[in-house]
Amino acid sequence: MAKDVDKIFRKMKTLLVTGGAGFIGSELVRQAVSRGYRVIVLDKLTYAGDLERLEGVKDHIVFYQEDIRSPEAVEKIFLRERPEIIFHLAAESHVDRSILDPSPFLSTNVDGTSVLLTAARKYGVEKFINMSTDEVYGELGERGKFTEKSPLNPNSPYSVSKAAADMLGRAFFRTYGLPVITVRASNNYGPWQYPEKFIPVVILKAILDEKIPIYGKGENIREWLHVSDCARALLKIMEEGQPGEIYNVGSGEERRNIEVAEEILKIMGKGRELINFVEDRPGHDFRYSLDWGKIKRELGWEPTVKFEEGLSKTVRWYMENRDWLMRKREALESLWRKVYRRGEK
Ligand code: NAD
Ligand code: TDX
């Protein structure tokens with residue numbers, strides 16, 4: 001009986017997902033809908049947002065195309081929908097773009113987060129889950145891991161803007177008692193990732209038999225987390241996470257960029273001659289690695305998707321959704337011209 005009541009409450013709980021038409025946000029929305037939550041999506045639909053990602057759940061959600069930087073728009077949604085849980089994922093998310101122009105990163109990631117925190121404080125929420133990143137800790141050498149207690153040392157305009165948003169959440173918890181929970185996740189991969197990010201860039205270029213741009217020597221290391229595991233962690237944190245706490249969400253699946261590119265080429269049956277070492281990313285962080293023992297110990301979450309298996313499935317998904325990938329390609333050409341010719345005068 002008590003379990004049934006619990007189930008009914010769960011179904012009635014209203015979740016507001018900012019950035020819900022993005023890569024990670026849309027996976028979170030799909031999982032939340034399938035568990036019976038009421039889901040409201042707030043997304044500006046920037047170049048990175050795409051309603052196609054929500055096609056399968058569109059009849060089960062309420063969608064607002066609005067900007068998180070607009071206090072009026074955000075308040076209107078809080079007033080009308082009275083969300084109990086906020087998942088804040090809306091952001092400018094690509095490091096290379098932040099190097100070309102930091103300003104939209106500061107405005108969306110910092111000002112936008114401040115607008116949302118302010119509205120959440122005014123209307124009251126049960127939990128405000130603030131999506132941060134491993135990049136706020138800065139870079140590591142070949143050894144060591146970041147724990148939730150590691151100091152923040154962000155290096156790119158992107159990671160500085162995320163660290164500021166992360167610290168704003170801390171301030172709202174500490175100063176106003178807003179029940180903010182901070183999530184610092186490692187590099188996500190999987191279906192629907194916009195092909196400005198490394199893994200879909202490699203797949204797209206390989207499909208077209210074009211050169212694959214590897215920054216520097218390809219020795220940089222990232223910890224790859226499947227997006228379905230990340231979304232599951234977010235829901236676990238919503239259900240059992242403690243206000244004021246920080247949770248690292250990682251996978252232990254660390255790979256050098258060159259290894260990732262070679263593995264994708266192997267899966268696709270393409271040759272290594274497609275690999276092209278290009279000018280390095282300025283300020284390129286060498287390695288990220290998270291100690292995610294806390295979420296495992298305290299909430300019982302752990303990743304389930306092994307990297308090689310997740311990567312094969314991801315490659316297959318992009319091959320099967322080639323049209324979506326190709327539709328994004330044209331808009332990427334001008335970014336690539338700026339990024340991959342960084343060193344040229
Ligand atoms: P994404 O770029 O795919 O999606 C971002 C979404 O936010 C888009 O749908 C976009 O339209 C929306 N958006 C951008 N500016 C907005 C604004 N001003 N108002 C309303 N909506 C706006 O990003 P993602 O990869 O899904 O990342 C989601 C979140 O997770 C971000 O906060 C990112 O910093 C964080 N994160 C990402 C990763 C990763 O590997 N992708 C890892 C750790 C943390
Ligand atoms: O064409 C490329 N060639 C290349 O060598 C691109 C796009 C990337 N790279 C390298 C740079 C990084 O070492 O691959 C690695 C991964 O690059 P990105 O996909 O741009 O991700 P990263 O910079 O690690 O940041 C990501 O993880 C943390 C997300 O984009 C962030 O949103 C998240 O916070």
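**Surroundings of the two ligands**

The largest share of the shell around ligand 1 comes from strand β5, which supplies three residues. The model examined here is a predicted one, and the description below treats each ligand in turn, with strand β8 taken up between them. Besides β5, which spans residues 127–133, the elements that each supply at least two residues of the shell around ligand 1 are α2 (23–34), α6 (157–176) and β7 (187–189). In total there are 29 residues around ligand 1, of which Ile 24, Asp 43, Ser 93, Tyr 158 and Lys 162 come nearest. By class, this shell divides into 12 nonpolar, 11 polar and six charged residues.

Several polar contacts link ligand 1 to the protein backbone. A nitrogen atom of ligand 1 lies 3.0 Å from a backbone N or O atom of Lys 44, and a nitrogen atom of the ligand is likewise found 3.0 Å from a polar backbone atom of Ile 68. An oxygen atom of ligand 1, in turn, is 3.5 Å from a backbone N or O atom of Gly 49. Taken alone, ligand 1 exposes 830 Å², and 97% of that area is buried by the protein.

Strand β8, comprising residues 212–215, is covered on both faces, with Ile 212 and Ile 214 buried on one side and Pro 213 and Tyr 215 buried on the other. This strand runs parallel to β12 (residues 275–278), to which it is joined by four bridges, and within the pairing Pro 213 stands opposite Asn 276 of β12.

Strand β8 also takes part in the surroundings of ligand 2, since it gives the most to that shell, with three residues; helix α7 (198–207), like β8, supplies at least two. Around ligand 2 there are 21 residues, and those that come nearest are Glu 135, Tyr 158, Arg 222, Arg 281 and His 284. Tyr 158 is thus listed among the nearest residues of ligand 2 and also among those of ligand 1. The shell around ligand 2 is made up of nine nonpolar, seven polar and five charged residues.

For ligand 2, polar contacts are made with protein side chains. An oxygen atom of ligand 2 is 2.5 Å from an N or O atom in the side chain of Tyr 158, while the corresponding distance from an oxygen atom of the ligand to a side-chain N or O atom of Arg 222 is 2.7 Å. In the case of Asn 257, a side-chain N or O atom is 2.9 Å from an oxygen atom of ligand 2. Taken alone, ligand 2 exposes 660 Å², of which the protein buries 94%.

Definitions and conventions
Residues numbered from 1 in each chain as written. Chains lettered and ligands numbered in written order. Predicted model: local features only at pLDDT ≥ 70, side-chain atom pairs only at ≥ 80, totals over all residues. Heavy atoms only, no water. Near = heavy atom within 4 Å. Polar contact = N/O pair within 3.5 Å; in protein donor to acceptor, adjacent residues only side chain to side chain. Areas by Shrake-Rupley, 256 points an atom, 1.4 Å probe, with all protein chains shown as cover. Nonpolar A, V, L, I, M, F, W, Y, C, P; charged D, E, K, R; others polar. Buried < 20%, exposed > 50% of the residue type's maximum accessible area, 1.4 Å probe, protein only. Pairing = 2+ DSSP bridges.
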